[in-house]
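Me: Got a minute to go through a structure with me? I'd like to get a feel for the fold and the ligand site.

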Amino acid sequence: MHRVANTRAAREPGPCIAVHGRMNRDEAVDTAAAARPPLLVSLRGASVRFGPLAALERIHLALHRGDRLALVGANGSGKTTLLRLLHGLAPADGERTAYPLAPEGRPLRAAMLFQRPFLLNLSVRWNVLVGLWLAGVPAAERHARCHRALERVGLSTLAARRARELSGGQQQRLALARAWALAPDILFLDEPTASLDPGAKREVEQVIGEFAADGVTIVMSTHNLGQAKRLATRVAYLEGGRLLADLPVDRFFDGRELPEQARQFLKGELPWNT
Ligand SMILES: Nc1ncnc2c1ncn2[C@@H]1O[C@H](COP(=O)(O)OP(=O)(O)OP(=O)(O)O)[C@@H](O)[C@H]1O
Ligand SMILES: [Mg+2]
């Protein structure tokens with residue numbers, strides 16, 4: 001398994017969130033990590049339990065600025081739980097650390113898009129404006145940011161429409177606009193194109209690709225391996241709550257470095273999803 005070294009943390013600014021335990025700053029230094037972009041979030045031995053069920057077991061993962069990480073794995077393998085954990089929404093044993101953004105030194109901003117976007121029964125515009133209000137964005141900035149975000153996803157002409165009357169693809173683009181309006185450093189996307197038709201899927205993928213090109217770090221779960229190939233630079237494979245592979249996209253799909261289970265997964269899924 002290609003594991004991004006945890007140890008870069010020893011050279012990063014101090015953690016702003018440490019859920020459990022403290023970072024061991026004396027851990028060995030991996031010289032390969034020195035050339036990587038700044039670390040944003042790291043998990044070390046992080047586990048999530050739901051009663052007797054271990055949804056995630058001892059996950060080690062380092063997310064760097066500019067990563068486009070796709071999480072793949074069967075239903076129930078732990079993808080959504082891992083997204084929530086990385087975002088700081090799931091209580092875990094072990095350690096999660098979010099680092100201030102270097103060189104600015106401000107806290108990270110992250111937004112999450114859930115598989116079924118929750119849209120208020122208001123206009124498209126007001127869905128974005130309420131999101132900005134909830135995030136504490138000053139009133140004077142809200143309208144301009146909302147306008148830019150809707151333009152960004154191609155929805156400005158529908159700003160006055162009721163959000164719940166939009167098509168599935170348009171609703172997903174609205175949810176992306178609402179997230180993008182918050183100027184996130186990281187976007188967590190849970191199956192962002194599930195249940196969309198091919199045209200809507202392409203539109204949403206294009207928006208995600210543009211956000212990534214702007215420098216937003218992307219972590220997304222997907223059942224669509226073709227989508228992982230198109231959008232990700234790195235792919236992680238989960239099975240039964242364990243992270244069995246985490247490789248650059250070309251090495252992942254090459255398959256030679258994968259454990260047997262992940263190879264089987266690729267064999268089973270590729271003919272259907274590319
Ligand atoms: N709130 C919860 N309470 C109890 N069990 C949960 C909860 N959330 C997730 N689980 C369990 O944790 C495991 C991992 O679930 P998770 O939703 O992360 O999987 P997933 O890979 O996202 O699956 P899918 O592909 O179906 O979306 C599953 O066994 C699931 O039933
Ligand atoms: Mg899920």
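Reply: Sure, here is a walk through the ligand shell, the strands and the helix packing. Keep in mind that this is a predicted model.

Me: Ligand first, then. Which residues surround ligand 1?

Reply: Going along the chain, you have Phe 50, Leu 53 and Ala 55, then Gly 73, and then the run Asn 75, Gly 76, Ser 77, Gly 78, Lys 79, Thr 80 and Thr 81 around ligand 1.

Me: How does that shell split into nonpolar, polar and charged?

Reply: The shell around ligand 1 has 7 polar residues, 3 nonpolar and 1 charged.

Me: And which elements supply at least two residues of the shell?

Reply: Strand 3 (53-64) and helix 1 (79-87) do. Helix 1 gives the most, with 3 residues.

Me: Strand 3 is handy to know about. How does strand 2 pair with strand 3, parallel or antiparallel?

Reply: Antiparallel, over 8 bridges, with strand 2 covering residues 39-50. For one point along the pairing, look at Val 41, which stands opposite Leu 63 in strand 3.

Me: How many residues sit between the strands in that hairpin?

Reply: The hairpin of strand 2 and strand 3 has 2 residues between the strands, and Gly 51 there takes a positive phi near 60°.

Me: OK, new topic: the open sheet. In what order do its strands run?

Reply: The order is 6-7-8-4-9-10, so six-seven-eight-four-nine-ten if you're clicking through them, and the pairing is mixed. Strand 6 (110-113) and strand 10 (242-248) are the edge strands, each pairing on one side only.

Me: By how much are neighbouring strands turned against each other?

Reply: On average 15° in this sheet, ignoring direction.

Me: Back to that edge. In what sense do strand 6 and strand 7 pair?

Reply: In the parallel sense, with 4 bridges between strand 6 and strand 7 (residues 186-190). Ala 110 has Ile 186 of strand 7 as its bridge partner.

Me: Which strands does helix 5 lie across?

Reply: Helix 5 (residues 198-213) lies across strand 4 (68-72), strand 7 and strand 8 (217-221). Relative to strand 8, helix 5 runs at about 145°.

Me: Now helix on helix. At what angle do helix 4 and helix 5 cross?

Reply: Roughly 15°, with their axes coming within 9 Å. That angle is under 35 degrees, so helix 4 is roughly parallel to helix 5. The crossing of helix 4 and helix 5 is right-handed.

Me: Which residues make the contact?

Reply: From helix 4 you get Gly 168, Gly 169, Gln 172, Arg 173, Leu 176 and Trp 180, and from helix 5 Ala 200, Glu 203, Val 204, Val 207 and Phe 211. The contact of helix 4 with helix 5 divides into 6 nonpolar, 3 polar and 2 charged residues.

Me: And how do the axes of helix 2 and helix 4 cross?

Reply: At roughly 30°, again coming within 9 Å, with helix 2 spanning residues 124-134 and helix 4 residues 168-180. Helix 2 and helix 4 are therefore roughly parallel to each other, and their crossing is right-handed.

Me: Who's touching whom in that contact?

Reply: Helix 2 brings Val 124, Asn 127, Val 128 and Gly 131, while helix 4 brings Leu 174, Ala 177 and Arg 178. By type, the contact of helix 2 with helix 4 has 4 nonpolar, 2 polar and 1 charged.

Methods: Residues numbered from 1 in each chain as written. Chains lettered and ligands numbered in written order. Predicted model: local features only at pLDDT ≥ 70, side-chain atom pairs only at ≥ 80, totals over all residues. Axes fitted to C-alpha atoms, helices over the stretch in contact; angles between N-to-C directions. Parallel < 35°, antiparallel > 145°, perpendicular 65-115°, else oblique. Left-handed = near helix turned anticlockwise from the far one by under 90°. Contact = placed C-beta atoms within 7 Å. Nonpolar A, V, L, I, M, F, W, Y, C, P; charged D, E, K, R; others polar. Near = placed C-beta within 6 Å. Pairing = 2+ DSSP bridges.
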